[in-house]
Amino acid sequence: MFTVTDLKNYIYCPRIIYFKNLHNFSEPLKNNSLVQEGSDFHKKRFKYKNYLKKIFKEFEFNKKEVKIYDENMEICGVVDEIFFSSKEAVPVEYKFSNYTGEIYETNLIQLTLYALLIKKTYNINVLKGYIIYTRNKVKCIEVVFEEMDFVNCLENIKKLRETFMQEYIPELNEKIEKCNSCYFKKICIL
């Protein structure tokens, strides 16, 4: 079974999946203060409860750190938070980073995949989700889902599986500057 993080890594660069899953190379946990801050933040992120009450005043309840999976899609993950009403559910993802004016494709795919998993698991509408950027100043970005978002997400899962099944190294991602911060650049054939 793949994880949502596997799909995020695949979107970032398919070679990460090739090295991690096919060759069992593991990426060491980065030992720096920013990673530690992010980890500590995820443990304490629910201090934003009052901030979220304004947005979700019509919702009856919420669940935090929800483990979710779908056996047919063979994918699983942990949603930071889900808000529920009788008519819909809304996934919320917290990011310990600044909002730069655009949502990264990997974060959008993550939120969309969680929405798809929630729809299937709870048999409920998921029309939108939120990404909350918490570094420095809190910024809450609403993402409205369209059917095409879910279709693209399923296509990316299919491509992830295909990459996992192949024995040759995938093409490089077009944005070569991503390679500079990649752990696998030392073993990746450029």
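This passage describes the strands, turns, helix and nonpolar cores of a predicted model.

Strand S3, which spans residues 75-84, pairs with several other strands and is described here together with its partners. Of the 10 residues in S3, 8 are buried, and the strand is therefore mostly covered under the criterion of less than 20% relative accessible area. Strand S1, formed by residues 2-3, runs parallel to S3 and is joined to it by 2 bridges. Within this pairing, Thr3 has Cys76 of S3 as its bridge partner. Strand S2, covering residues 61-70, is paired with S3 in the antiparallel sense through 9 bridges. Here Phe61 lies opposite Phe84 of S3. Strand S4, made up of residues 89-95, is also antiparallel to S3, and 4 bridges link the two. Phe84 has Ala89 as its bridge partner in S4. Phe84 thus takes part in pairing with S2 and with S4.

Two hairpins involve S3. In the hairpin of S2 and S3, 4 residues separate the strands. The hairpin of S3 and S4 likewise has 4 residues between its strands.

A further antiparallel pair is made by strand S5, residues 128-133, and strand S6, residues 139-144, which are connected by 6 bridges. Tyr133 is placed opposite Lys139 of S6. These two strands form a hairpin with 5 residues between them, and in this hairpin Asn136 adopts a positive phi near 65 degrees.

Positive phi values also occur at two glutamate residues. As background, most residues other than glycine have a negative phi. Glu65, although not a glycine, has a positive phi of about 50 degrees. Glu65 is located in strand S2. With a relative accessible area of 44%, Glu65 is partly exposed, because this value falls between the limits of 20% and 50%. Glu74 is not a glycine either, and its phi is positive at about 55 degrees. In contrast to Glu65, which belongs to a strand, Glu74 is found in the loop between S2 and S3. The relative accessibility of Glu74 is 39%, so Glu74 also counts as partly exposed.

Helix H1, residues 4-12, is mostly covered, with 7 of its 9 residues buried. The buried residues of H1 are Val4, Asp6, Leu7, Lys8, Asn9, Tyr10 and Ile11. Both nonpolar residues, such as Leu7, and charged residues, such as Asp6 and Lys8, appear in this list.

In soluble globular proteins, nonpolar side chains tend to be buried together. The largest nonpolar core of the model contains 33 residues, and the members that touch the most others are Leu7, Leu113 and Leu117. Two or more residues of this core come from each of H1, S2, S3, helix H5 (105-122), S5, S6 and helix H6 (147-165). The greatest contribution is that of H5, which supplies 8 residues. When residues up to four places away in sequence are not counted, Leu113 touches Val4, Leu7, Met73, Ile75, Cys153 and Ile157. A second core, separate from this one, has 10 residues, among them Phe59, Phe83, Tyr94 and Ile132.

Technical notes: Residues numbered from 1 in each chain as written. Predicted model: local features only at pLDDT ≥ 70, side-chain atom pairs only at ≥ 80, totals over all residues. Heavy atoms only, no water. Pairing = 2+ DSSP bridges. Buried < 20%, exposed > 50% of the residue type's maximum accessible area, 1.4 Å probe, protein only. Core = buried A, V, L, I, M, F, W, Y, C linked by side-chain atoms within 4.5 Å. Contact = heavy atoms within 4.5 Å.
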